[in-house]
Structure formats: C-alpha cells, structure tokens
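Q: Please take a close look at one packing contact in this model. Then set that contact in its wider surroundings, and explain the geometry where an explanation is needed.

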Amino acid sequence: MKDEKQLLNIKNLVVEYRTDGGVIHAVNGFDLSLKKGEALGLVGETGAGKTTVAKAILRILPDPPAKVCSGSIEFEGEDLLRLSEANMHRIRGNKISMIFQDPMTALNPVETIGEQIAEPVRIHNRVSRSEARKRTIEMLEMVGIPGERYSEYPHQFSGGMKQRVIIAMALACNPELLLADEPTTALDVTIQAQVLEMMANLKKDLDTSLILITHDLGIVAEMCEKVAVVYAGEIVESGTADDIFNHTAHPYTEGLFDSLPRINSTARRLRPIKGLMPDPSNLPEGCKFCPRCPYAEEICQKKNPDFTETTPGHFVKCHKRKGDA
Amino acid sequence: MFQYIIKRLLWLIPIMLGVSILIFSIMYFTTGDPARIMLGSMATEEQLEQAREEMGLNKSYIAQYADFLTDLLRLDLGTSYVSKQDVFHEVVTRAPYTLRVAVLALAISILIGIPLGIVAATHQYTWRDNASMLLSMLFVSMPNFWVAMLLVLLFSLSLGWLPAVGVSSWKCYIMPCIAVSLSGAAAFARQTRSSMLEVIRQDYITTARAKGVKENLVIWKHGMKNALIPIITVIGTRVGNMLGGALIAETVFSIPGMGVYMLTAINNRDYPVIRGTAMIICIWFSICMLLVDIIYAGVDPRIRSQFAKKKKRG
Amino acid sequence: MENQISSIKKTSQFKEVTRRLFKNKLAIAGLVFIVLLIFIMIFADFLAPYGYAEQDFTATYQGPSAEHLLGTDHLGRDILSRLIYGSRISMEIAVLSVALSATIGITIGAIAGFYGGKIDNLLMRFLDIYQSIPVLILSIAIATSLGPGVTNTILALAISVCPSYARLMRASVMTVRDKEYIEAARSINANDARIILRHALPNAFSPMIVNITMTIGSSMLTAATLSFVGLGAQPPSPEWGAMLTAAKSYIRDYPYMITSPGVCIMLSVLSFNVLGDGLRDALDPRLKN
C-alpha cells in the first residue's frame with residue numbers, strides 16, 4: 001500500500017467539538033491522501049468540516065472545545081498527531097502552511113506586513129534580519145506588491161492585497177503542502193480571478209502540493225487534478241477531476257452540480273438540494289445524506305455505507321452505487 | 001506621530017480651561033462664608049466686610065474666575081485661610097510624597113496585574129484562572145483605606161516588620177504603595193484576562209500559530225500587543241483612582257503629602273487649599289491621560305494613520 | 001463550524017439568561033447576599049439587639065462576647081447593631097446615587113445620541129472635561145461645597161458617576177438611530193421621546209444593567225471613602241465608612257473595631273461586583289470565552 005510519493009495520508013480522522021450544548025461531530029472518519037505536487041479540491045457546504053480538517057492537519061484547532069478523537073495524519077511518513085509540540089513548530093509554516101478564509105482578520109493589525117511575512121522565514125531558517133527582509137521583499141514582489149510597502153500596516157491594504165500578503169506569508173518558506181481555506185471567498189469576483197491565477201502559477205513554479213478548500217466547483221475545475229466531496233464531516237466521493245465532473249457518482253455531488261447555474265444548460269430552473277445539512281450534534285444513524293437523498297431506500301437509513309472504489313481511483317460512499325440496494 | 005502629539009497637547013488647553021471653570025464653579029457656589037471661616041466666629045461685620053473686599057469676594061462670578069485663572073497661570077493658587085501660607089509653595093513641597101506613592105503603586109499594579117491576567121487567560125477555567133479572578137474580585141471590592149489599616153494591623157502592630165507611620169525610610173513606602181496598588185492590580189488583571197481571551201480567538205492568532213510561532217511568542221508578541229490597547233485605556237482611567245488612593249493612604253500612614261494637606265483643609269473648610277490641590281491633581285491626571293493617548297498611538301498603527309488621514313482631508 | 005456552536009440551541013432569551021446566570025455559582029452567592037442585605041435592612045428594628053445610638057459607658061471597648069457578638073465601640077455602642085442599621089444607610093446611598101446618576105446620564109446620553117451634531121459635540125466635550133477630574137476628587141469637591149451629610153453624599157456621587165451612563169446610552173442610541181425600524185417609527189409619527197424609550201433604551205438594556213450593578217459597588221466604596229475624609233455621613237450615624245473612620249483611632253488597641261465594618265463593606269461591594277460580572281456573562285455569552 002505504501003506509496004513513496006505519498007505526501008499526506010489521513011486515515012479515519014475523527015474530530016469533535018465538546019460544548020455545553022453537547023458534542024458536535026465535526027469530522028467523522030475522514031480518509032484522504034495526496035501525492036507530491038498534486039492539487040486536491042476539498043468541496044462541500046459551509047459547516048461540512050473542511051476547515052476543521054485543515055486545522056487538524058496543522059494541529060491548530062482550538063482545544064477546548066475541539067478534540068481529535070482518533071485517526072492518523074501521516075505527512076512524509078510521520079504521524080503529525082503523535083509529533084511533539086516542538087517538532088510540530090518546525091512543520092507549521094515551514095513544510096505545511098495555511099491560507100485563511102478572511103484576509104481582513106487573518107493579519108495582525110499592529111505589525112507591519114513585512115514583519116509578518118519575515119516571521120516564518122526567521123523562525124524556520126537560520127537567517128539574519130536583513131536576509132529575512134530580502135526574502136520578504138522577494139516574496140512581496142512575487143505576489144505583485146511593491147517591496148517598498150514592507151513597513152506598511154494591514155489596514156493600509158485592500159482585501160485582495162491582504163490576501164496576496166497572506167499568500168506571500170504562506171509561501172515564504174517554500175512549503176511542501178499548502179492548505180488554502182476558501183482563499184477567495186471574501187474577495188470581489190475580479191480580484192478572485194487574479195488571486196487564483198497567481199496561486200496556480202506559484203504552485204507550478206514552486207512545485208507545492210495544494211489542498212484547496214472551497215464550496216465553489218468552478219474554482220476546483222480550474223485548479224485541481226483531484227477532488228474530494230465532503231458532507232457532514234465525511235468524504236462522500238473522491239477521485240480525479242474528470243471522475244467527479246464527468247462521471248458523477250454520489251447523489252450529493254450530483255445535487256451540487258444541479259444547484260449550479262450553467263449557461264449552456266437546457267434546464268430552465270436550478271435544482272437546489274432539498275433540506276439542510278444535518279445538525280452535527282445529532283447526526284442520522286445511517287447514511288448522513290439519506291434525509292435529503294432523492295434515491296434513499298431503507299438500507300440507507302440503517303447502515304452507513306462504506307467507501308468503495310468504483311473505477312480505479314474513484315471512490316464513492318453510497319449504497320446505491322455499490323449495488324447493495 | 002509628532003503631529004499627533006502636538007494635536008493632543010493642544011487639546012489639553014481647552015480641557016484644562018474647562019476643568020478650572022468646573023472646579024472654580026463648584027467651590028464658588030459653596031455653602032458658608034469664606035470670610036467668616038478665615039476670621040472665625042468672633043469677627044465683627046466690619047472686619048468681615050473688609051476681608052471680603054481684600055479677598056475679592058465682592059466681585060462678580062466672572063471677575064472672580066478671571067482672577068483665579070490669571071493667578072493659576074502665574075502658578076499662584078492663593079493663600080490658605082487657616083495657615084495663611086502660600087498654597088502653591090505648600091503643594092510643591094508635598095507633591096513628591098504623593099507622586100511617589102501614586103507612581104510606585106501604578107507600577108506595582110501593572111507588574112502584578114498584567115501577568116496575572118495573562119496567566120488567567122491562558123489557563124482559562126483552571127484553578128489558576130479561578131483563583132486569580134476571585135482574588136482580584138476581592139481586591140477591587142475593598143476600600144483602599146481599609147486595606148491600609150489591615151496592613152498596618154498585620155505588618156506593623158502584629159509582626160512589627162514595617163513602620164506604621166512616617167517617611168523616615170524606604171520601608172515606610174511599602175505598605176502605602178501596596179494598599180493603593182491592590183485594587184488597580186485587580187482591575188488590570190481582569191481587563192488583561194478578558195481582552196487576552198478576546199484576542200486569542202482572533203484569526204491572526206491562528207495565523208501566527210500556523211506560521212510555526214511558539215506558543216509563548218504567540219501570546220506575548222502577537223496577543224499582548226493587541227490586547228494591550230484596551231488595557232492601556234483601563235490603566236488611564238485607573239490613574240485617577242491611584243492619585244485618589246494615594247491621598248487617602250497618606251492620611252492612614254501619616255505621610256506629609258498632598259492628601260493630608262487636602263483632608264485637613266476639608267475639615268477646616270479651607271477652600272483655596274481644596275481648590276488648589278484639586279486643580280493640581282486634575283492637571284496631573286490630564287497629563288497622564290495625554291501620555292496614555294500617546295502610548296496608545298504608539299501601540300496601534302490604526303490610530304496613527306487615522307490622524308494622518310484627517311490631516312490630509314483637512 | 002465554530003459558528004454553529006453558538007447557535008445550536010435557541011431557547012427563549014430570558015430563560016436562557018437566567019439559566020446561564022444560575023449556572024454561575026459566584027453570581028448567585030452575590031445575589032443571595034444582596035437579598036439577605038435587603039432583608040436585614042427592612043427588618044433592622046427586629047434584628048438589632050440594641051439601638052444604633054444606644055450608649056453604655058459601663059461596657060466600652062468590649063471585644064466580641066455573647067452579649068455583644070461583635071463587641072462595643074468607644075461609646076459602648078453595640079457594633080453588630082450599628083452594622084445592621086448601617087446597612088440601611090450604605091444601601092440608601094449606593095442605590096439612590098446610582099438611580100439618580102443613571103437618570104441624569106441616560107438623559108444626557110439620549111439627547112446627545114439622538115440629536116447628534118452640535119448638541120452631541122457640546123455634550124461630549126463637556127463630558128471629556130468632566131472626566132478629566134478623577135471621580136474621588138470630583139465627589140470631594142462637590143461634597144465639600146454642598147457640606148457633609150447623607151443627602152449630599154448621594155448628590156455628589158450621582159453627579160460624579162453619571163458620565164459612564166451618558167456614554168453607554170449615547171452609543172446605544174447612535175447604533176439604533178439609523179436603523180430601519182426607527183425610520184418606520186418616524187414614518188408613523190412617533191415622537192422622539194417615544195422612539196428613545198421604546199427602541200434605544202431596550203437596546204442598551206444589557207450593558208446598562210451591568211453598569212448599574214457595577215457602579216452600585218463602586219459607589220459604596222466612594223461613599224465609604226467620603227466618610228473617611230469627613231464628608232459623608234456624620235457621627236453618630238452608623239454608616240459603615242463612618243464607623244471605620246471612628247475606629248481608626250483605636251486600631252492599636254482594639255483592632256476588632258475596624259474588621260467588622262470593613263468586612264461588611266467588602267462583602268456588599270463584592271456581591272454587587274460578582275453579580276454584575278455574572279449578569280454580563282449571562283447576557284452576552286460571547287464575551288465569556
């Protein structure tokens with residue numbers, strides 16, 4: 001099973017939030033693997049647990065209330081969940097870095113953006129102040145910000161520019177893996193395109209692997225070779241972009257596509273998925289998608305389907321596709 | 001930054017003018033006849049009238065205020081009704097004691113309060129958090145002068161470690177400073193805890209963690225600098241309490257500062273002294289608030305640039 | 001994900017607030033003590049074993065005993081009885097001064113916030129000046145000018161602490177002012193006072209109730225301090241601060257005289273503070289974590 005080129009291998013990850021109001025099952029048995037240089041799109045609705053997975057990889061979940069209950073996250077052959085805090089510091093921002101959803105709040109308002117980009121450089125590489133500064137200016141220019149803005153503060157930048165700063169910060173140490181959590185959701189559409197294009201180019205140039213978290217299938221189609229669809233803390237379908245887009249297998253993925261407006265479609269109305277995501281503190285017993293599934297049958301209510309391979313590399317978690325029903 | 005300081009300094013002028021009007025007016029509409037207080041109950045009506053004339057008490061409100069203000073600008077706070085001494089001179093000789101207590105107490109309370117608050121915030125819901133918050137709740141609920149009395153009871157009368165009164169050595173300052181600083185330390189601890197908790201949940205703290213910054217640095221570098229902004233505000237407002245507390249503590253420990261001077265004056269209805277000392281304390285307080293605002297701008301770049309933007313528009 | 005946590009269960013707001021408040025043991029302890037204090041205040045005549053001014057020169061400076069649970073003072077007055085009667089004065093000063101200052105402050109704040117512009121500017125600059133005088137100094141100045149006594153203490157305190165209410169109210173009115181439902185209220189010809197009372201005041205309710213509980217505590221402290229400098233309640237009044245002041249001279253030989261009044265002040269202030277704290281957490285759980 002062991003693949004040498006495997007960079008990241010998540011197995012059976014379970015994360016819960018424990019609050020006064022009960023236990024929230026945010027991530028329930030999550031499996032994911034990624035090869036070096038690959039780009040994977042993690043798609044799903046808000047609250048499906050995508051961000052939780054990303055934060056679990058970096059071990060920056062707020063504890064309490066979040067608790068990683070079981071599973072393993074292997075990165076370059078090491079289980080991150082077993083690593084000491086000191087070793088983890090060496091990985092964060094160096095080998096794995098993360099881009100956050102909201103550029104407006106992700107930067108420290110009282111430090112210059114230059115200092116903030118230089119910080120991971122100085123932590124992870126034994127370099128002098130001036131070298132770190134040089135590297136920072138390089139990074140700034142790489143993301144299209146003039147180097148003289150080094151000593152300006154976040155409030156002097158627009159949203160799109162801030163996101164560029166954050167990208168520069170994330171890439172400053174040439175990470176092996178970049179976790180991008182809805183990197184463009186908070187931005188204007190025109191700026192979205194710019195930022196995405198820049199990210200795609202940087203990824204190519206630096207040969208970084210990417211996990212792109214988004215609810216926007218269009219972005220995934222543009223950026224990723226592999227796609228995993230997340231629903232209620234589980235992956236319901238995964239495969240190559242071609243598998244997902246052209247050989248859609250899971251009813252939820254189908255629903256996602258149907259709820260997208262398409263110019264060349266003959267359908268006159270959008271078909272949104274009925275109902276809401278189940279309450280994560282009170283998940284249904286069988287298939288999590290069952291209450292909203294147009295094809296649901298008796299077995300779906302009782303038994304959570306296994307994750308099975310339909311064609312090589314294309315996995316689906318559904319009774320119907322397996323032929324049980 | 002420089003322009004900000006200048007602007008803030010200029011703002012001090014109308015504030016001080018307003019404060020002087022307020023204090024003058026409160027004292028102007030006071031009950032009782034100053035001439036009578038000065039001369040005692042044996043004075044004849046003629047003597048009283050003459051004294052009123054000399055003191056300018058027969059002039060109109062406006063004229064009297066104008067006198068007060070011009071005197072103030074010449075550093076003349078008038079003469080005491082009782083001792084006939086120059087108030088400004090008395091204040092100058094006594095001020096160092098009061099300032100010493102107030103400044104030391106402020107320093108102590110910051111040094112105790114802020115670390116305590118951080119420990120509480122980073123160990124939320126543990127015994128450390130509960131203990132430090134309960135303790136600070138207790139400290140903000142005790143009258144300063146009572147704390148002072150309890151300290152005297154314990155350290156002077158029971159244990160005999162520290163002198164109960166006087167200013168003969170540095171040891172004499174220990175109890176007054178602690179008595180004044182406790183409630184401040186408690187207030188700072190509470191504020192530090194709550195703003196630290198607020199800051200810890202911000203996205204940029206997660207960003208810092210994701211960058212691989214060590215937990216200690218996350219708290220002290222990224223967290224503290226942001227949490228400091230509301231803490232500075234509270235420190236500013238507490239300076240007033242510190243000054244007031246110092247005045248009161250002086251009377252318990254018989255320190256010959258402005259507190260004893262003012263309190264004696266209150267009992268004698270010696271208005272020029274009360275007015276003068278109150279005015280001086282307000283000036284100190286305003287200067288402290290000015291410093292607070294400057295520190296504020298030093299910590300928070302948004303405040304600096306807010307000013308810069310206004311400048312461009314204006 | 002995190003957002004969902006806060007919105008998991010939405011019960012009726014009042015129930016939720018009381019539920020959260022009752023989970024906070026400290027706040028409930030404070031509430032219980034306050035209720036006890038009110039009870040003592042009302043039934044002081046029945047509870048006090050002696051009168052508060054009843055002197056007994058055969059029994060001066062007596063330490064705690066079965067006859068005088070907390071001892072007697074320099075005039076042979078029973079300290080426990082004086083403390084029981086003193087609760088009335090301390091509470092009266094604290095509650096009335098806060099009620100008065102809340103009224104003044106809310107009015108100023110409502111006017112400033114609602115009318116904005118020049119009036120707002122003028123009032124706010126006035127408050128700036130006002131707050132450049134430390135509360136203790138301001139109340140000392142006012143109390144000196146008015147003369148000592150309970151009523152004047154109340155007035156002095158009320159005038160000194162009202163700016164915090166004004167600022168709270170102003171902020172609340174300003175956030176409400178431009179909301180659409182105010183436009184709607186205007187369009188049906190509701191008058192200004194009605195808009196302020198019906199819409200702005202409820203909006204400020206949570207911070208206001210917290211501020212009220214907190215200032216009751218701090219006003220008790222300032223009142224005690226005023227007594228200590230000779231401006232508050234005058235002897236033979238059994239106000240707690242005044243009792244401490246009188247006991248100050250006997251600290252060397254009869255220390256029990258300074259402990260009990262101080263403990264009374266501390267416990268009362270503490271109760272209001274923990275209750276205020278608990279209320280804030282219960283009303284706005286976001287602030288807690």
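A: For the angles below, an axis is a line fitted to C-alpha atoms, for a helix over the stretch in contact, and angles run from 0 to 180 degrees between N-to-C directions. The model is predicted.

The contact chosen lies in chain A, between helix H4 (residues 113-124) and helix H6 (residues 159-171), whose axes come within 8 Å and cross at roughly 25°. H4(A) is therefore roughly parallel to H6(A), because angles under 35 degrees count as roughly parallel. The crossing of these two helices, H4(A) and H6(A), is right-handed. On the H4(A) side, the residues that meet H6(A) are Ile113(A), Gln116(A), Ile117(A) and Pro120(A). Their partners in H6(A) are Val165(A), Ala168(A) and Met169(A). By class, the contact of H4(A) with H6(A) holds six nonpolar residues, one polar residue and no charged residue.

One residue of this contact leads outwards. Ala168(A), which faces H4(A) from H6(A), also belongs to the largest nonpolar core, a set of 250 residues. Together with Leu212(A), Val229(A), Ala148(B) and Ala141(C), Ala168(A) touches the most other members of that core. The element that gives the most to this core is H10(B), with 16 residues. In soluble globular proteins, nonpolar side chains tend to be buried together.

Leu212(A) shows the surroundings of another of these core residues. Leaving aside its neighbours within four places in sequence, Leu212(A) is in contact with Ala39(A), Leu40(A), Gly41(A) and Leu42(A), and also with Ala180(A), Val220(A), Met223(A) and Cys224(A).

H10(B) offers a second example of helix packing. Helix H5 (residues 87-122) of chain B packs with H10(B) at an angle of about 145°, and their axes lie 8 Å apart. As with the pair in chain A, the crossing of H5(B) and H10(B) is right-handed. H5(B) contributes, among others, Tyr97(B), Val101(B), Leu106(B), Ile114(B) and Thr122(B), while H10(B) contributes residues including Ile219(B), Ile235(B), Met242(B), Gly245(B) and Glu250(B). The contact of H5(B) with H10(B) has 17 nonpolar, three polar and one charged residues.

H10(B) also takes part where chains A and B meet. That contact draws 25 residues from chain A and 20 residues from chain B. On the side of chain B, the elements that give two or more residues are helix H9 (203-210), helix H10 (215-253) and helix H13 (301-313). H9(B) supplies the largest share of that side, seven residues. The side of chain B that touches chain A divides into six nonpolar, seven polar and seven charged residues.

Chains B and C complete the setting. Chain B has 13 helices and zero strands, and chain C likewise comes to 13 helices and zero strands. Along the principal axes, the C-alpha atoms of chain B fill a box of roughly 85 × 65 × 30 Å, and those of chain C fill one of roughly 75 × 50 × 30 Å. Buried residues make up 43% of the 314 residues in chain B and 46% of the 289 residues of chain C. Among contacts between residues at least 6 apart in sequence, 74% in chain B join residues at least 24 apart. In chain C, residues 24 or more positions apart account for 69% of the contacts with a separation of 6 or more.

Terms used:
Residues numbered from 1 in each chain as written. Chains lettered and ligands numbered in written order. Predicted model: local features only at pLDDT ≥ 70, side-chain atom pairs only at ≥ 80, totals over all residues. Helix = DSSP H or I, 4+ residues; strand = E, 2+ residues; numbered from the N terminus. Parallel < 35°, antiparallel > 145°, perpendicular 65-115°, else oblique. Left-handed = near helix turned anticlockwise from the far one by under 90°. Contact = placed C-beta atoms within 7 Å. Nonpolar A, V, L, I, M, F, W, Y, C, P; charged D, E, K, R; others polar. Buried ≥ 20, exposed ≤ 12 C-beta atoms within 10 Å, placed from the backbone. Core = buried A, V, L, I, M, F, W, Y, C linked by C-beta atoms within 7 Å.
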